[in-house]
Each structure stands twice: as structure tokens, then as C-alpha cells.
Amino acid sequence: MSVKVRIPTILRTYTDGQAEVAAEGATLSEVIADLEQNHQGIAARVLDDAGKLRRFVNVYVNDDDVRFEQGLETPTPEGAGVSIIPAVAGGC
């Protein structure tokens, strides 16, 4: 399944500055593996050493937060939009 992955500014060094890239996979796990194959180093920024989503990285398939779906096994249907959003903290 081909999906469009929106890449946050901080990770665009891995995608030659592209804000959106195509990736293949029937699940989020497969999409991330495809991203890594085509944009080496990006998976380490999304996944921790145990292969799970990093705590401060939010991932959405279409408008659904994968943490409340099936995590890395969330289906990524043809034409879906995947958004990688690093958490932002700060304030007074």
C-alpha cells in the first residue's frame, strides 16, 4: 500500500528537505521500515532501542493517533496520510 508520510522539519535532513514522502506498507511498522530503507536514519528518530514508538513522538494515520489504535500494527490503507509529529514542551 502506498501512503504519504508528512515529515516534521526536524527530520527533513533525512528526506533531503522534503516535507512529504511516499512510503509502502500495509501497517505502520512496514511503512517505517520502508522509510528507513529509503531515508536511512529516520527510523532511529521515531523508534526507541526496543523498536517501539518513542515516547515523545506522536504518529497519526489519517486523523487517528496510533497509540489509541493498534500501535505499530495500525493498518495503513492505500492513499492514507501518515503524520509524524514530535512532541513540543516548554512554557513558564
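Asp-16 sits in the loop between β1 and β2, and it is a good place to start a tour of this predicted model. This residue has a positive phi of about 55° although it is not a glycine. From that loop we can move to an open sheet of five strands with mixed pairing, to helix α1 lying across four of those strands, β1, β2, β3 and β5, and to a cavity of about 30 Å³.

**Loop residues with positive phi**

- With a relative accessibility of 74%, Asp-16 is classed as exposed, because that value is over the 50% cut-off.
- Asn-62 belongs to another loop, the one that links β3 and β4.
- Here too phi is positive, at about 55°, and Asn-62 is not a glycine.
- Asn-62 has a relative accessibility of 39% and therefore counts as partly exposed, a label for values between the 20% and 50% cut-offs.

**The sheet**

- Read across the open sheet, the strand order is β2-β1-β5-β3-β4.
- The edges are formed by β2 (20-24) and β4, each of which pairs on one side only.
- Strand β1, made of residues 2-6, pairs with β2 in the antiparallel sense, and five bridges join the two.
- In that pairing, Ser-2 has Glu-24 of β2 standing opposite.
- β1 also pairs with β5, in the parallel sense and over three bridges.
- Val-5 has Val-82 as its bridge partner in β5.

**The two faces of β1**

- Side chains alternate along β1: Val-3 and Val-5 point to one face and are buried.
- Ser-2, Lys-4 and Arg-6 point to the other face and are not buried.
- Val-3, a residue of strand β1, has a relative accessible area of 1%, so it falls under the 20% cut-off and is buried.
- Beyond its neighbours within four places in sequence, Val-3 is in contact with Val-21, Ala-22, Ala-23, Val-31, Thr-76, Pro-77, Ala-80 and Val-82.
- Val-3 and Ile-32 are 29 residues apart along the chain, and their C-alpha atoms are separated by 11 Å.

**Helix α1 and Leu-28**

- α1 runs at about 115° to β2.
- Leu-28 lies in this helix, which covers residues 28-38.
- Leu-28 counts as buried because its relative accessibility is 1%, under the 20% cut-off.
- Not counting residues up to four places away in sequence, Leu-28 touches Val-59, Val-66, Gly-71, Leu-72, Thr-74, Thr-76 and Val-82.
- The C-alpha atoms of Leu-28 and Pro-77 are separated by 9.8 Å, while the two residues are 49 apart along the chain.

**Thr-74 in its loop**

- Thr-74 is found in the loop that connects β4 (64-65) to β5 (81-86).
- Although it is a loop residue, Thr-74 is buried, with a relative accessible area of 5%.
- The side chain of Thr-74 reaches the backbone oxygen of Gly-71 at 2.7 Å.
- A polar atom of the Thr-74 side chain also lies 3.1 Å from the backbone nitrogen of Gln-70.
- Setting aside neighbours within four places in sequence, Thr-74 is in contact with Ala-26, Thr-27, Leu-28, Val-61, Val-66 and Glu-69.
- Leu-28 appears in that list of contacts, and Thr-74 likewise appears among the residues that Leu-28 touches.

**The cavity**

- Searching the whole structure turns up one cavity of 30 Å³ or more.
- The largest cavity has a volume of about 30 Å³.
- Its lining consists of Leu-28, Val-31, Ile-32, Leu-35, Val-46, Val-59, Val-82 and Ile-84.
- α1 and β5 are the elements that give two or more residues to this lining.
- Helix α1 gives the most, with four residues.
- Several residues met earlier come back here: the lining includes Leu-28, Val-31 and Val-82, Val-31 and Val-82 are among the contacts of Val-3, and Val-82 is one of the residues touched by Leu-28.

Notes
Residues are numbered from 1 along each chain as its sequence is written. This is a predicted model: local features need pLDDT of at least 70, side-chain atom pairs count only at pLDDT 80 or more; totals for chains, interfaces and linings use all residues. Side-chain values use heavy atoms; hydrogens and water are left out. Buried means under 20% relative accessible area, exposed over 50%, partly exposed in between (1.4 Å probe, protein chains only). Contact means heavy atoms within 4.5 Å. A polar contact is a pair of N or O atoms within 3.5 Å; within protein, one must be able to donate a hydrogen and the other to accept it, and residues adjacent in sequence count only if both atoms are side-chain atoms. Two strands pair if DSSP finds at least two bridges between them. Axes are lines fitted to C-alpha atoms, for helices over the stretch in contact, and angles run from 0 to 180 degrees between N-to-C directions. On a 1 Å grid over the protein atoms alone, a cavity is a set of points where a 1.4 Å probe fits but cannot get out, and a pocket is an open set with protein on both sides within 12 Å along at least five of seven lines; lining residues have an atom within 4 Å of a point. Grid points are joined across faces, edges and corners, and a volume is the space filled by probe spheres set on the points.
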